[in-house]
Structures are given as structure tokens and as C-alpha cells.
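User: I have a structure open and would like to go through it with you. Could we take it piece by piece?
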Amino acid sequence: MQLELRHLEAVCRIAETGSLGRAAARLGVSQPALSAQLRRIERATGGELFVRGRHGVDPTPLGEFVLAKARRVLGEMDALAAGARAAEPHPTLRLGCILLVLVDRLLGELDQELELEGQEIAVSIEHSVTTLSRMLGAGQYDAIVYGECNDHEVPLPEGTAARTLIPKEPFCVRMSAAHPLAARERVELADLAGETWMTLVEDDDGGPEALVAACRKAGFTPTLRYRIADRKMHYDLIAGGRAISVSQPTAPPAEGTVLRPLAGDPITGRIRLAWNRAAVSERRAGLLYRAAGRAYLANVPTNDFHRAWWDSRPELHPVLD
């Protein structure tokens, strides 16, 4: 595993709070998720970074070394972003997103909105909500579009405002078209016990925890094997019967696979927009909100089962007037 800025931030938060639990709360992830992430970081750095002491966790000598480097790197990144922003005479609006289905259409919608404003926009994709939030707070993004699963709430930095775009959407399951359950209109989660799951690329939006919790409630623990960001490889593995995955209900079709809703909607998500109040006016935030809303609505008809679900719940629809 290659270390990323979010991994350095996790190490710093653990050291600052002296507790995995408190660090997890500050980062907006569960304690088990942070513990698993710390183990991956320790494998990448070559040894233990923290040991349990009388008053929590304390850094090891290796941990002290990594902390010093991490703080320097994060400080330099924040200074770089702030300096570049101050030196830019006509700032481009910088939007960060996780890989939501609406992103493809969002680019076109934003071009139409902001062309009238005479402003350019730069859009970047991240695989971590924690990274998005940190970069928003550091001034590296002016606004972010992100998702949350079930009851998970992403903590936002000071000086930001947020608005919920889609308060609820039911995750569905993508499986091979040759799967024995593919002929069903709706799939019971309990019937997927024993399957190999493709884990979500984002590991800090509450999604993995929501999947594990829902499966355990259905009577089994899921086998999480693949974590692949490349869409084609992701879909090819599923089409070949190697794995199944949860998916947004607006996701497009992929050859050799089918999307089926899960009975009882055990895993749900919501989509939110957050922005730096010093960089984005309320009016411009409204433009972003409307563009994202239109992008989402354009994808609703992609799957008939979701269109029926969505049409029966007008209270969830974004207000775009």
C-alpha cells in the first residue's frame, strides 16, 4: 500500500487524541475502520506506530519518526495550497468529489451554469471523504460533493456550510447476469450469504461498516476480497461471477451484469454538498446545488426499479427552483 495524505492525517489524529476512539470520531470513521487502517499503515511503514499506555496510546520511536514527517508534509501541503490560492489573480472554482454516479453528468451541468458567470471550474476525484474534508478545510477545494451511508456523518471543518442534495437512496446489488438470483426482481440480503463481495473504494464514508452491519443482521458476515477503483475491471470481475457488489441505484448498466434492489433497503446513502463560505457565495453554492441536482435526476430513469422507488417519494426530491 502506498501512503496517502489521509493516512498521515490519521496518524496525526491518533497521536493528538491519544485514543483510537477519539481519533475515529474526529476523522468521521468507526473505530474498527480506523484500527484496520492503522494496521495497513503499519505494514507500509514497517512496524508498530503506537502502543497502549496507561492513558491511551503512545507513539513508538518509529511512530515519533513518522509523526514528525507526517506533520511536516501536511503543513507543507496546506501552505502550498494557501500560497497558490493567494497568488492566483482570477481563481478557478475548485470542486472535489468522490466517485458518485452523478459526477459524469455534473461536469456538463456545471459548464452550463458557470459559463454564464465567466468563471472556470476544476473538478477532481478523490477516493476518501476524509481527504475531501481536510482539503476543503485547508483551502485546496472550494466545495465538495460527497456521500454518507446509513447513519454515518462526515465531520466538516470550521468555516464551511453544507446542504443535503439527496437525503436517501437505497443501495442495490450488482451481480453477474448468470447468477442464480439474477432473475429475481428483488433480492433478500440473507440469500447472498457465502458470496464474495467487492468492497467499496471509499472506506471512510460509512459504507463498509453499513454493509457489514446489514449482513450480520441478515445472519452472516460478508467475505470482502476485492477493492478495485477501475470500473472496467470491477465490472469484469462481477460479470465473470467472481464477486458481487453494492451499488448506487442510478448506476449505469454493464455488460454481463445486472442490478437488483435489496429487499427492505438495508443500506442507504445520501449525497451532500459542502463549501467554504469565504470562497463560495450563497448564490454560487446554489448554482452548484442545482447543477448537482439536475445531474442526479438525469440518472434516475437509468433503472426502472429505482425510478419507481424515487417517483413514490417526492419528499426526497431536491428543490431546484
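User: Where is Thr-164 found?
Analyst: Thr-164 is found in strand E6. Please keep in mind that this is a predicted model.

User: Is Thr-164 buried or partly exposed?
Analyst: Thr-164 has a relative accessible area of 30%, so it is partly exposed. The range for that class runs from 20% to 50%.

User: What does Thr-164 touch, not counting residues up to four places away in sequence?
Analyst: Thr-164 touches Ile-271, Arg-272 and Tyr-289. The C-alpha atoms of Thr-164 and Leu-273 are separated by 6.3 Å, although these two residues are 109 residues apart along the chain.

User: Tyr-289 belongs to helix H9, I think. Which residues of H9 are buried?
Analyst: The buried residues in H9 are Arg-284, Ala-285, Gly-286, Leu-287, Leu-288, Tyr-289, Ala-291, Ala-292, Gly-293, Ala-295, Tyr-296 and Asn-299.

User: And what span should H9 have, at 1.5 Å a residue?
Analyst: Helix H9 covers residues 282-299, which is 18 residues, and should span 26 Å. Its end C-alpha atoms are 26 Å apart, so the expected span and the model agree.

User: New topic: helix H3. What is the distance between its end C-alpha atoms?
Analyst: The end C-alpha atoms of H3 are 21 Å apart. This agrees with the expected span of 21 Å for its 15 residues, 31-45.

User: Which residues of H3 are buried, and what covers them?
Analyst: Ala-33, Leu-34, Ser-35, Gln-37, Leu-38, Ile-41 and Glu-42 are buried in H3. Their cover includes helix H1 (5-17), helix H2 (20-27), strand E1 (50-53) and helix H7 (207-217).

User: Why do buried positions in a helix often sit three or four places apart?
Analyst: An α-helix has 3.6 residues a turn, so residues three or four places apart point the same way.

User: What follows H3?
Analyst: Gly-46 follows H3, and its phi is positive, near 95°.

User: At what angle do H2 and H3 pack?
Analyst: The angle is about 100°, and the axes of H2 and H3 are 9 Å apart. Angles of 65 to 115 degrees count as roughly perpendicular, and H2 and H3 are therefore roughly perpendicular to each other.

User: Which residues make that contact?
Analyst: From H2 the contact uses Leu-20, Gly-21, Ala-23, Ala-24 and Leu-27, and from H3 it uses Gln-31, Leu-34, Ser-35 and Leu-38. By class, this contact has six nonpolar residues, three polar residues and no charged ones.

User: H1 was also on the list. Is Ala-10 buried or exposed?
Analyst: Ala-10, which is in helix H1, has a relative accessible area of 1% and is therefore buried. The cut-off for buried is under 20%. Leaving aside neighbours within four places in sequence, Ala-10 is in contact with Leu-27, Leu-34, Gln-37 and Ile-41. Leu-34, Gln-37 and Ile-41 are among the buried residues of H3.

User: What about H7? Which of its residues are buried?
Analyst: The buried residues of H7 are Gly-207, Ala-210, Leu-211, Val-212, Ala-214 and Cys-215. They pack against E5, strand E8 (196-198), strand E9 (223-226) and strand E10 (245-247). Just after H7, Gly-219 takes a positive phi of about 105°.

User: Which residues other than glycine have a positive phi?
Analyst: Asn-150 has a positive phi near 50°, and Asp-265 has one of about 50°. Asn-150 is in the loop between strand E5 (143-149) and strand E6 (160-170), whereas Asp-265 lies in the loop between strand E11 (257-261) and strand E12 (268-276). Asn-150 is at 24% relative accessibility and so counts as partly exposed.

User: Switching to cysteines: how many disulfides does a search of the whole structure find?
Analyst: The search finds zero disulfides. Cys-97, for instance, is in no disulfide, as the nearest cysteine sulfur, that of Cys-149, is 16 Å away. For comparison, the cut-off for a disulfide is 2.5 Å. Cys-97 is also buried, with a relative accessible area of 0%.

User: What touches Cys-97 from helix H6?
Analyst: Leu-132, which is in helix H6 (residues 129-137), touches Cys-97. Its other contacts include Gly-96, Ile-98, Tyr-141 and Ile-144. Leu-132 is buried, with a relative accessible area of 0%.

Key
Residues numbered from 1 in each chain as written. Predicted model: local features only at pLDDT ≥ 70, side-chain atom pairs only at ≥ 80, totals over all residues. Heavy atoms only, no water. Buried < 20%, exposed > 50% of the residue type's maximum accessible area, 1.4 Å probe, protein only. Helix = DSSP H or I, 4+ residues; strand = E, 2+ residues; numbered from the N terminus. Expected span 1.5 Å × (residues − 1). Contact = heavy atoms within 4.5 Å. Axes fitted to C-alpha atoms, helices over the stretch in contact; angles between N-to-C directions. Parallel < 35°, antiparallel > 145°, perpendicular 65-115°, else oblique. Nonpolar A, V, L, I, M, F, W, Y, C, P; charged D, E, K, R; others polar.
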